[in-house]
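Colleague: I'm new to reading protein models, and I'd love a close look at a single part of this one. Could you pick a buried spot in a loop and walk me outward from there, one step at a time?

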Amino acid sequence: MPAALQAAGGAVTSHPIDFALNVVVDRKPIAGQNPASDHLLATALIEALDRPLATA
Amino acid sequence: MTKGTLLVAGSNATRIELQGGGSAAIGQYLNETVVPAMTLIEAGYDVVLATPDGTKPHIDEASDSTQRFGGDEAAHERARRFYADDPLMNQVRKLRSVVEDGMDGYASLFVPGGHAPAVDLMQDAELGTILRHFHEARKPTALLCHGPVAIAAAMPRAREFRAALIAGDNAGAAGYARGWAYAGYRMTVFSASEERIPRSTSCTASSTSTCRRRCRPRVAR
């Protein structure tokens, strides 16, 4: 799958250790690498959503 | 009053093409679908599930495991019950109707993984419209595991992009990707070394090690 997004022009990085938690945030897209990153991704999404509420 | 609504774009795919020929039974991952959904609900957000054909995503059996919930049997059981019984997981909308009704009411978009989104969502025109709306409106767009590959649907020629990848034509794929809204963005996705399709009856590989090499999704070349 990294090759697919690289072919598209995405700047794809992977954690060197398989199934290590990894979430990459660049502006609005928030990407999680693997099933183990489910909670970390949810936390990153809530942070992104709550930020504008906190500064509104 | 909720803080906002999360649109979860689910998949209807149940099989994926393999590099060694044939296809393998796949689906959407239970933990990847349910953990973010339940976490957002606990944080005060509402959730709407939508798929290409408006039916509920098929859960990959490999993900219906306590191991996927950190060995926590109670968490696994809560997730199974939520996915099976919660009205939010059973009032499934069509992506097309989400587009037709307008997307201003959604605060964010989420695409869970499992291999399934690499089959249908990554070339779905409706998801493409939805992704471009969230991108232009600068709303958080979360994608997990194989889910990030669905961001390719934002390309005007996503279907041709995927067909070129399947054919092993990366240069052709790059051509179809021209003008992609997410070019240059930093992102991650399920890695090549993490990729494992469980040996399936449709795989003709003679051993597990051969299967690991040949039973990879063709789109993952």
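Modeller: Happy to! Let's begin at His115(B), which counts as buried because its relative accessible area is 3%, under the 20% cut-off. Please keep in mind that this is a predicted model. His115(B) sits in a loop of chain B, between β6(B) and α5(B). Its side chain forms a polar contact of 3.4 Å with the side chain of His146(B). For a sense of distance, try Asn170(B): this residue is 55 places from His115(B) along the chain, and their C-alpha atoms are 20 Å apart.

Next, follow the chain out of this loop into α5(B). Just at the start of this helix you can find a cap: Asp124(B) covers the N-terminal end of α5(B), with a side-chain oxygen 3.0 Å from the backbone nitrogen of Glu126(B). α5(B) has 12 residues and stretches 17 Å from its first C-alpha to its last, close to the 16 Å expected at 1.5 Å a residue. Just after the helix, Arg138(B) has a positive phi of about 55 degrees.

Which residues of α5(B) are buried? They are Leu127(B), Gly128(B), Ile130(B), Leu131(B), His133(B) and Phe134(B). These buried residues pack against β1(B), α4(B), β6(B) and β7(B). Take Leu127(B) as an example: leaving out residues up to four places away in sequence, Leu127(B) touches Ala9(B), Leu95(B), Leu121(B), Ala150(B) and Ala153(B).

Leu127(B) and Ile130(B) also bring us to the largest nonpolar core, which has 52 residues. Together with Leu7(B), Phe161(B) and Trp180(B), they touch the most other members of this core. Two or more core residues come from each of several elements: β1(B), β4(B), α4(B), β6(B), α5(B) and α6(B), along with α1 of chain A. Among these elements, α6(B) gives the most, with five residues. As general background, nonpolar side chains tend to be buried together in soluble globular proteins.

There is also a second, separate core of 31 residues, and its members include Val35(B), Ala75(B), Ala142(B) and Phe190(B). Two of these residues lead us to two more helices. Val35(B) is one of the buried residues of α1(B), and Ala75(B) is one of the buried residues of α2(B).

Let's visit α1(B) by way of the loop before it. Gln28(B) lies in this loop, between β3(B) and α1(B), and Gln28(B) counts as buried because its relative accessibility is 1%. Its side chain makes a polar contact of 3.0 Å with the side chain of Thr33(B), which is itself a buried residue of α1(B). Setting aside neighbours within four places in sequence, the contacts of Gln28(B) include Gly10(B), Ser11(B), His58(B), Asp60(B), Gly113(B) and Ala116(B). The helix α1(B) has 13 residues, and 11 of them are buried. From end to end, its C-alpha atoms reach 18 Å, close to the expected 18 Å. After the helix comes Gly44(B), with a positive phi near 105 degrees.

Now compare that with α2(B), which also has a cap: a side-chain oxygen of Asp72(B) lies 3.1 Å from the backbone nitrogen of Ala74(B), at the N-terminal end of the helix. The 13 residues of α2(B) should span 18 Å at 1.5 Å a residue, and the end C-alpha atoms are 18 Å apart, so the two values agree. Its buried residues are Ala75(B), His76(B), Ala79(B), Phe82(B) and Tyr83(B). Why are they said to be on the same side of α2(B)? Because they cover an arc of only 130 degrees around the axis. On the other side of α2(B), Glu73(B) and Asp85(B) are exposed. The buried residues of α2(B) are covered by parts that include α1(B) and α3(B), and that brings us back to the helix we just left.

One last link, to a record: an unreviewed UniProt entry places the feature "domain: DJ-1/PfpI" at residues 32–154 of chain B. In the model, this span is 38% helix and 13% strand, and its end C-alpha atoms lie 22 Å apart.

How values were computed:
Residues are numbered from 1 along each chain as its sequence is written. Chains are lettered from A and ligands numbered from 1 in the order in which they are written. This is a predicted model: local features need pLDDT of at least 70, side-chain atom pairs count only at pLDDT 80 or more; totals for chains, interfaces and linings use all residues. Side-chain values use heavy atoms; hydrogens and water are left out. A nonpolar core is a set of buried Ala, Val, Leu, Ile, Met, Phe, Trp, Tyr and Cys residues joined through side-chain atoms within 4.5 Å. Buried means under 20% relative accessible area, exposed over 50%, partly exposed in between (1.4 Å probe, protein chains only). Helices (H or I, at least four residues) and strands (E, at least two) are DSSP runs, numbered from the N terminus. Contact means heavy atoms within 4.5 Å. The expected span of a helix is 1.5 Å times one less than its number of residues. The arc is that of the directions from the helix axis to the C-beta atoms. A polar contact is a pair of N or O atoms within 3.5 Å; within protein, one must be able to donate a hydrogen and the other to accept it, and residues adjacent in sequence count only if both atoms are side-chain atoms. UniProt positions are given in the numbering used here, feature names are shortened, and annotations may be inferred rather than shown by experiment.
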